[in-house]
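Visitor: I would like a close look at one part of this model. Please start there and then work outwards.

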Amino acid sequence: MTISEARGYLAQFLFTDDDVFRPIGTLSGGERGRVALATLALTGANFLLLDEPTNHLDIDSQEVLQNVLAGFPGTILIVSHDRYLIAALATQIWAVSAGAPDGALDVFNGSYAEYLSAKASSAAAENVPATVATANTNGNTNGAKVSQKKHGLNPFQLQKRLAELETRIPELEAHLHQISADLADASARANADRVRALTDAYAAAEIALHDTMAEWEKLIE
């Protein structure tokens, strides 16, 4: 590359002005991650295998990673708990059920949003009321018996609760991302009191997300 081409390329990874001359040893973890990604993108590979690629990346680096991967022309296999990244990039979902015998693998062709919708629909279909017709002396039916699973919800209650949880989950994830961004800003400003408060808020939001996801997973079983 020429100098101008190299600078233009590095700008895609948020390295501009004098930053392009900084020694690697002076870079933060997130900045080093962006350098590694920039180098990887130049290899000409047509297949990327990424294991939790957003772990330990700051918000800016996560956005760069997502944009670069979105423009990658080959195939990417991502192992990740980052639902934002999965929702933004995935065109096929390989869901591993750790609790199932031998770790069942569910392959779904479609986006993450489509996968969640299909899973919720499947769970609701499994709980459709079973009508038990019993003839009485007049020849009429004696009513319907609605089956209930261990969660104690009928199919209509189940669908409503799943919809509530599926709305709540992205809200909590967005809240976590915002706290993370605020925490990075507070750290940069050396505001110790705000860092402590945000750290507590992040932990509480993580617990809320974990509990919400746990309930959702239980309801779709």
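Is Asp17 buried or exposed, and why?

Guide: This is a predicted model. Asp17 is exposed, because its relative accessible area is 56% and the exposed class begins over 50%. Asp17 is found in the loop between helix 1 (3-11) and helix 2 (29-41). Its backbone deserves a look too. Most residues other than glycine have a negative phi. Asp17 has a positive one, near 50 degrees, without being a glycine.

Now to the surroundings of that loop. Phe15 carries a charge over its ring: the charged end of Arg34 sits there, 4.9 Å from the ring centre. Tyr9 and Phe13 form an aromatic pair with ring centres 5.1 Å apart. Their planes meet at 55 degrees, so the pair is tilted; edge-to-face would need over 60 degrees. Phe13 is buried, because its relative accessible area is 2% and the limit for buried is under 20%. Tyr9 is buried as well, with 14%. Tyr9 also belongs to a core of 14 residues, which includes Leu27, Leu48 and Leu57.

Asp17 has a useful counterpart in Glu52. Glu52 is not a glycine, yet its phi is positive, about 45 degrees. Glu52 lies in the loop between strand 1 and helix 3. Here the burial goes the other way: Glu52 has a relative accessible area of 17% and is buried. Thr54 is placed in the loop between strand 1 (47-51) and helix 3 (59-70). At 8% relative accessibility, Thr54 counts as buried. Beyond its neighbours within four places in sequence, Thr54 is in contact with Gln62, Leu65, Asp82 and Leu85.

Back to the rings. The whole structure holds 3 aromatic pairs. Besides the tilted pair of Tyr9 and Phe13, there is a stacked one: Tyr112 and Tyr115, 6.3 Å centre to centre, with 25 degrees between the planes. These two tyrosines are 3 residues apart in helix 5 (residues 112-126), so about one helical turn separates them. In general, an α-helix has 3.6 residues a turn, so residues three or four places apart point the same way. Tyr112 counts as buried at 14% relative accessibility. Tyr115 counts as buried at 6%. Together with Phe108, Tyr112 and Tyr115 form one aromatic cluster.

Further along the chain come helix 6 (155-188) and helix 7 (192-220). They are the elements that give two or more residues to the largest nonpolar core. That core has 16 residues. Leu162, Ile169, Leu209, Met213, Trp216 and Leu219 touch the most other members. Helix 6 gives the most to this core, with 8 residues.

Take the two helices in turn. Helix 6 has 34 residues, which at 1.5 Å a residue should span 50 Å. Its end C-alpha atoms are 50 Å apart, so expectation and model agree. Its buried residues include Leu158, Leu162, Leu165, Ile169, Leu172, Glu173 and Leu176. Ala190 follows helix 6, with a positive phi near 55 degrees. Helix 7 has 29 residues and an expected span of 42 Å. The distance between its end C-alpha atoms is 42 Å, which agrees. Among its buried residues are Leu198, Ala205, Thr212 and Ile220.

Leu209 shows how the two helices meet. Leu209 is in helix 7. It is buried, because its relative accessible area is 11% and buried means under 20%. Not counting residues up to four places away in sequence, Leu209 touches Ile169, Leu172, Glu173 and Leu176. Leu209 and Leu176 are 33 residues apart in sequence but 8.9 Å apart in space, C-alpha to C-alpha.

Last, the whole chain. It has 7 helices and 4 strands. Read along the sequence, the pattern is α-α-β-α-β-α-β-β-α-α-α. Of its 221 residues, 26% count as buried. The accessible surface comes to about 14200 Å², and 54% of that belongs to carbon and sulfur atoms. Among contacts between residues at least 6 apart in sequence, 51% join residues at least 24 apart. Against that background, Asp17 stands on the exposed side, with 56%.

Key. Residues are numbered from 1 along each chain as its sequence is written. This is a predicted model: local features need pLDDT of at least 70, side-chain atom pairs count only at pLDDT 80 or more; totals for chains, interfaces and linings use all residues. Side-chain values use heavy atoms; hydrogens and water are left out. A nonpolar core is a set of buried Ala, Val, Leu, Ile, Met, Phe, Trp, Tyr and Cys residues joined through side-chain atoms within 4.5 Å. Buried means under 20% relative accessible area, exposed over 50%, partly exposed in between (1.4 Å probe, protein chains only). Contact means heavy atoms within 4.5 Å. Accessible areas come from the Shrake-Rupley method with a 1.4 Å probe; for residues, only the protein chains shown count as cover. Rings of Phe, Tyr and Trp (its six-membered ring) pair if their centres lie within 6.5 Å; planes under 30 degrees apart count as stacked, over 60 as edge-to-face and the rest as tilted. A charge sits over a ring if NZ of Lys or CZ of Arg is within 6 Å of the ring centre and within 35 degrees of the ring normal. The expected span of a helix is 1.5 Å times one less than its number of residues.
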